[in-house]
Amino acid sequence: MFNLTAVELGSSILGCGDGPAAFNSELSRRGGQIVSVDPLYRFSRAEIAQRIQVTSAEVLEQTRQHQQDFVWQAIASPTMLEEVRMGAMAEFLADFEAGLAEGRYLDASLPELPFENGQFDLALCSHLLFLYGAQFDGNFHLAAIGEMLRVASEVRIFPVLELGNLPSRHLERVMAVLKDQRRQVYLETVGYEFQKGGNQMLVIR
Ligand SMILES: C[S@@+](CC[C@H](N)C(=O)[O-])C[C@H]1O[C@@H](n2cnc3c(N)ncnc32)[C@H](O)[C@@H]1O
């Protein structure tokens, strides 16, 4: 999703809206430096596990109903998607309490982050900004990106499509405002594409 090089994986990384995913666990196991923030982390392991159980059948059914919206290559079928998702979430759950104790999972929400200026090299945000463009307005996007840029030298956001594979209603204005702020802003194609046409990340420095 983020074209991360080995050097970047060795830098100090902030994940925003990381949810019940396995990136933090995997990278930490490999000796990386990562902190993930998500309001989900205010709940206990048992509460998150129960929520995953309750929603997984519905998520699978919705994916089946919208199969034509996705690229079935690396992930060949909805059943395989379910296996990959549940595997990642199991890895997250196994790591969650240790990660909380180590300060790798923090209950915090954009657009406010509990970090010092410039504390991270890279801030990553997947499947939150732009994707939920109907729920979060343009000013929220600008505030969230501004806050990520306060705490990290570089921000990467993936994808830049909305749900239903629609072009983001906020992208053009957000890019224009950031350019006016003399930021370096560009779209980069990445290797991962699951939502059809969703193979670009926004990079801001
Ligand atoms: C669709 S999930 C994406 C999870 C993960 N990044 C991924 O790509 O698989 C969106 C996540 O954003 C989190 N979220 C919602 N509002 C947020 C906010 N204001 N700040 C940070 N995270 C938020 C949700 O709790 C959820 O875990």
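1. **Ligand and backbone.** In this predicted model, a nitrogen atom of the ligand sits 2.8 Å from a polar backbone atom of G17. L110 offers a similar kind of partner: one of its polar backbone atoms is 2.9 Å from a nitrogen atom of the ligand. Look at the main chain here, not the side chains, when you trace these two pairs.

2. **Ligand and side chain.** H127 takes part through its side chain. An N or O atom there is 2.8 Å from an oxygen atom of the ligand. Taken alone, the ligand exposes 600 Å², and the protein buries 74% of that.

3. **The shell around the ligand.** How many residues surround the ligand? There are 13, and the closest are G17, D38, L110, S126 and H127. By type, the shell holds six nonpolar, five polar and two charged residues.

4. **A cis bond at L110.** L110 deserves a second look. Its peptide bond to P111 is cis, with omega near 15 degrees. P111 itself is in the loop between β3 (105-106) and β4. So L110 appears twice in this note: in the backbone pair with the ligand and in this cis bond.

5. **Another cis bond.** F158 and P159 are also joined by a cis peptide bond, and here omega is about -10 degrees. P159 lies in the loop between β5 and α6.

6. **The largest nonpolar core.** In soluble globular proteins, nonpolar side chains tend to be buried together. Here, the largest nonpolar core has 31 residues. Which members touch the most others? They are L14, I145, M148 and I157. Several elements each supply at least two residues of this core: β1 (12-16), β2 (33-37), β4 (120-126), α5 (138-151), β5 (152-158), α6 (171-180) and β7. The most comes from α5, which gives seven residues.

7. **I157 and the second core.** Take I157 as a worked case. Leaving out residues up to four places away in sequence, I157 touches F2, C125, L129, F130, I145, M148, Q200, M201, L202 and I204. Two of these partners, I145 and M148, are named with I157 among the core members that touch the most others. A second, separate core has eleven residues, including L9, I13, L122 and F158.

8. **Two positive phi values.** F130 has phi near 65 degrees, a positive value in a residue other than glycine. R182 also has a positive phi near 65 degrees, and R182 is not glycine either. F130 lies in the loop between β4 and α5; R182 lies in the loop between α6 and β6. Are they buried or exposed? F130 counts as buried because its relative accessibility is 0%. R182 counts as exposed because its value is 78%.

9. **N199.** N199 is found in the loop between β6 (185-189) and β7 (200-204). It is partly exposed because its relative accessible area is 23%, and that class lies between the cut-offs of 20% and 50%. Beyond its neighbours within four places in sequence, N199 is in contact with F158, E188, T189, V190, Y192 and E193. Here F158 returns: it is one of the residues of the second core and also a partner in a cis bond. As for L142, its C-alpha atom is separated from that of N199 by 22 Å, and the two residues are 57 apart along the chain.

Technical notes
Residues are numbered from 1 along each chain as its sequence is written. This is a predicted model: local features need pLDDT of at least 70, side-chain atom pairs count only at pLDDT 80 or more; totals for chains, interfaces and linings use all residues. Side-chain values use heavy atoms; hydrogens and water are left out. Helices (H or I, at least four residues) and strands (E, at least two) are DSSP runs, numbered from the N terminus. Buried means under 20% relative accessible area, exposed over 50%, partly exposed in between (1.4 Å probe, protein chains only). Contact means heavy atoms within 4.5 Å. A residue is near a molecule or strand if one of its heavy atoms lies within 4 Å of it. A polar contact is a pair of N or O atoms within 3.5 Å; within protein, one must be able to donate a hydrogen and the other to accept it, and residues adjacent in sequence count only if both atoms are side-chain atoms. Accessible areas come from the Shrake-Rupley method with a 1.4 Å probe; for residues, only the protein chains shown count as cover. Ala, Val, Leu, Ile, Met, Phe, Trp, Tyr, Cys and Pro count as nonpolar, Asp, Glu, Lys and Arg as charged, and the others, Gly among them, as polar. A nonpolar core is a set of buried Ala, Val, Leu, Ile, Met, Phe, Trp, Tyr and Cys residues joined through side-chain atoms within 4.5 Å.
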